[in-house]
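Subject: Structure handover

Hello,

Here is the structure you asked about, with notes on what turned up in it. Please have the sequence open alongside while you read.

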Amino acid sequence: MLFWRRASRLKVPVESPGKVLKVKRIKRLVLYFLFFCLTAEAFCQEAGEVVVNGTVLLRLHEKKGLDVGSKCEAITRILEEKADAGASPRELRIVLQPGGAAIYWGKTLVVVVDPYQAGKNSTTPLALARKWVAAIKTALGGTPLRVSKDVLSVPVGGEQTLTVTGGRGDLKVSYETWGLEVSTDSGDNEIAVVGKMAGTYRLVIQRGALKTAVRVFVKEWAGRIVPSVERTVTGSPASVDVQVAAALSAVNDAVTLQPGAQITVKESPLVLNSLQPGYEQTVSVPVAVEGKGYFPLDGTVKVKLRNINAPVSDAALLMICNRPEELKEDGVLFQGKFGVSTPVRLLYSHKNVSPVKRQLWVTIKNLRRKPLKLFVRRASAGPDKYEMQAGHKAAMRYLESYGTRSGYFVAMTGSGTFVVEDFVISPQFTVSGICDFQIVDGEEAEITIRNCEQGKSMTSLKDIQEPFDPFKIHPHGMFPSPNLTIEKSFSFSGDGGPLAIEVGKWPWLIDATTGEPNTGNYGALYRIRLTLSNTGGERQSALLSFIALNGVSMGTVLLDGKLLEIPVTRQQELSPLAEIPLDPGEKRTLELVTLPEASSCYPISIQVSKGR
């Protein structure tokens with residue numbers, strides 16, 4: 001305005017019309033100049049731009065009630081999200097409505113071109129909408145930029161690869177450098193992503209005018225696997241079952257877990273032959289380690305098994321967990337302590353009668369801070385649909401290992417816990433097991449059996465107790481002196497008929513704390529010395545048979561170290577066991593080892609008679 005005042009004070013002679021006209025023209029030019037500057041400044045302040053991938057797609061002019069900046073940001077966000085999601089610009093469409101021409105991308109409203117914005121561009125709402133749609137298609141059209149994965153999971157220190165297709169030009173990648181390390185190949189078709197720090201990140205990939213984003217989760221490994229561990233076994237020889245059990249028990253030593261992670265053995269280790277004393281062999285156990293929030297891990301645990309000669313004692317205490325037999329609720333089923341001078345035999349048998357899968361654990365805890373070395377003879381069966389079969393298979397596997405004095409050794413840290421069994425039991429299925437435990441070096445340990453619905457926490461489980469019922473055979477407790485010896489003789493010259501040797505009959509083992517009987521003496525080991533005499537002048541044979549006395553039963557017998565299996569036998573039915581030939585004047589002593597099996601009806605009788 002100062003310039004205008006000075007111009008208005010110019011003194012021009014009145015008598016000069018040409019000079020007056022010139023002054024008027026100068027005033028007019030000054031007014032035009034000032035108006036242009038003011039309107040240009042106002043235009044710059046009122047216009048807002050929508051920019052995607054460096055390209056201006058449209059401009060909005062400010063008006064009353066419209067925040068141009070916020071509106072442009074909202075439109076930009078919609079377009080970028082659609083492009084990142086791989087939506088095709090062909091889905092852009094224009095819908096005429098009373099307020100103007102609305103631009104939609106699929107079902108998403110992008111912007112409404114009203115008459116005001118059209119007037120600012122000296123056109124109609126429909127024409128301006130078409131112009132904006134064309135600009136969007138040009139910028140975001142063509143082959144969509146796509147990656148092989150929208151979400152990427154990467155372990156800390158590990159690497160994953162993305163494959164990129166579509167778009168033109170060089171590949172540009174932006175990311176959080178503290179959590180990721182990213183590189184591309186020479187052809188810009190693959191992106192290698194290395195996790196540096198656990199967290200959630202956004203990887204923005206751009207090629208030309210096309211851009212997309214990938215969510216990247218960097219996770220800690222669920223655990224670590226030691227490539228090789230050792231386990232010591234014993235036996236003459238160490239049976240296949242013992243070697244498998246030893247290898248499986250070594251998995252916990254080889255795997256370190258993150259809190260909340262767990263190990264799954266993908267398949268049982270393949271062991272083809274028994275292992276003689278003084279020899280060793282290596283078996284492989286494939287495992288998977290996983291947990292919520294962690295990167296899963298697959299690997300193989302190599303277990304070197306060495307067979308050594310080691311003296312092992314028979315059990316001095318029998319622990320039985322069979323009451324309640326049926327699993328209906330979460331809780332602790334059994335707890336029992338034993339010391340270095342008390343080798344233990346454990347018998348358990350349980351059926352899941354609840355409508356959900358249940359998990360059952362058999363664990364041993366070192367009750368002292370001093371390390372503990374434990375001998376384990378483990379035999380289990382199930383989950384099995386047939387209760388009697390579960391009990392029979394467990395007994396058969398136990399006697400096979402017992403016959404060769406097989407087992408393995410576990411080193412436990414102070415106050416450490418060893419998981420003997422971890423079952424997942426479907427409804428109406430049964431698990432059964434017989435185990436021997438002996439503290440070789442250490443002081444005291446505790447056996448615990450507990451169960452709960454699969455997936456639930458094991459903390460603060462209550463004790464489950466069921467009162468003793470004399471009309472039901474479900475023993476529970478701790479029974480001293482569980483090894484019984486029977487000596488019998490049979491002579492072919494006698495006239496007393498067949499000889500009956502009853503197993504599981506009274507007198508029964510008694511719980512040292514409650515005084516309750518172990519009706520049927522389940523889990524008690526019977527060692528039978530049978531002397532056969534042929535005093536006649538002809539070759540004879542002794543027939544050994546299994547007779548079920550109290551109901552349907554199965555059985556397993558070690559006859560001079562040879563495992564004999566008795567099939568399902570009905571009450572008072574006779575199943576042949578073995579036939580023993582004797583020459584004239586021959587006298588022979590046999591050793592039979594057996595035990596009453598879970599879910600079978602005992603007592604039974606082993607009958608000795610003259611063969612045909």
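In strand 40, leucine 590 is the bridge partner of leucine 530. This pairing belongs to a run of eight bridges that hold strand 35 and strand 40 in the antiparallel sense. The model is a predicted one, and the notes below should be read with that in mind.

Strand 35 also pairs with strand 31 (residues 483-491), here in the parallel sense and over nine bridges. One of the positions in that pairing is serine 491, whose bridge partner in strand 35 is serine 533. Seven of the nine residues of strand 35 are buried, so strand 35 is largely enclosed by the rest of the structure.

Strand 31 also holds serine 489. Serine 489 counts as exposed because its relative accessibility is 56%, and the cut-off for that class is over 50%. Beyond four places in sequence, serine 489 is in contact with Leu499, Leu530 and Thr531. Serine 489 and threonine 531 are 42 residues apart in sequence, yet their C-alpha atoms are 4.6 Å apart in space.

Salt bridges

A search of the whole structure gives 23 salt bridges. Side chains of opposite charge can pair when their charged atoms come close. Several of these pairs are set out below.

Which residues does arginine 527 pair with? One partner is aspartate 314, with 3.5 Å from N to O. Arginine 527 lies in strand 35 (residues 525-533) and aspartate 314 in the loop between strand 19 and strand 20 (317-321), so this salt bridge ties together parts that are 213 residues apart in sequence. Another partner is glutamate 591, where the closest N and O atoms are 3.4 Å apart. Glutamate 591 sits in strand 40 (residues 587-594) and arginine 527 in strand 35, and the two are 64 residues apart. Strands 35 and 40 are thus linked by this salt bridge as well as by their eight bridges.

The network goes further: salt bridges that share partners join Asp314, Arg405, Arg527 and Glu591. Buried or exposed, where do its members fall? Arginine 527 is partly exposed, with a relative accessible area of 24%. Aspartate 314 is partly exposed at 28%, and glutamate 591 is partly exposed at 31%.

A further salt bridge joins arginine 306 and glutamate 230, with the closest N and O atoms 3.5 Å apart. This pair links distant parts of the chain, since arginine 306 is in strand 19 (residues 297-307) and glutamate 230 is in strand 15 (residues 228-234), 76 residues apart. Arginine 306 is partly exposed, with a relative accessible area of 30%. Glutamate 230 is partly exposed as well, at 46%.

A four-stranded sheet

Four strands form an open sheet in the order 22-29-24-27, and the pairing is antiparallel. Strand 22 (331-339) and strand 27 (417-425) are at the edges, each with a single partner strand, so one side of each has no neighbour in the sheet. On average, and with direction ignored, neighbouring strands of this sheet are turned by 10 degrees against each other. Within the sheet, nine bridges join strand 24 (residues 358-366) to strand 29 (residues 444-453). Asparagine 366 stands opposite alanine 445 in strand 29.

Threonine 569

Threonine 569 is part of strand 38 (residues 562-569). Why does threonine 569 count as buried? Its relative accessibility is 0%, and buried means under 20%. The side chain of threonine 569 reaches the backbone oxygen of proline 567 at 3.0 Å. Leaving aside neighbours within four places in sequence, threonine 569 is in contact with Phe546, Ala548, Gly551, Val552, Ser553, Leu574 and Ser575.

Confidence

The mean pLDDT of the protein is 86, and 89% of its residues reach 70 or more. Two stretches stay under 50. Over residues 1-15, pLDDT is under 50 and the model has nine contacts beyond four places in sequence. Over residues 33-45, pLDDT is also under 50, and the model has two such contacts. Where pLDDT is low, the predicted coordinates should not be read in detail.

Regards

How values were computed
Residues numbered from 1 in each chain as written. Predicted model: local features only at pLDDT ≥ 70, side-chain atom pairs only at ≥ 80, totals over all residues. Heavy atoms only, no water. Pairing = 2+ DSSP bridges. Axes fitted to C-alpha atoms, helices over the stretch in contact; angles between N-to-C directions. Buried < 20%, exposed > 50% of the residue type's maximum accessible area, 1.4 Å probe, protein only. Polar contact = N/O pair within 3.5 Å; in protein donor to acceptor, adjacent residues only side chain to side chain. Contact = heavy atoms within 4.5 Å. Salt bridge = Lys/Arg side-chain N within 4 Å of Asp/Glu carboxyl O. pLDDT = per-residue confidence, 0-100.
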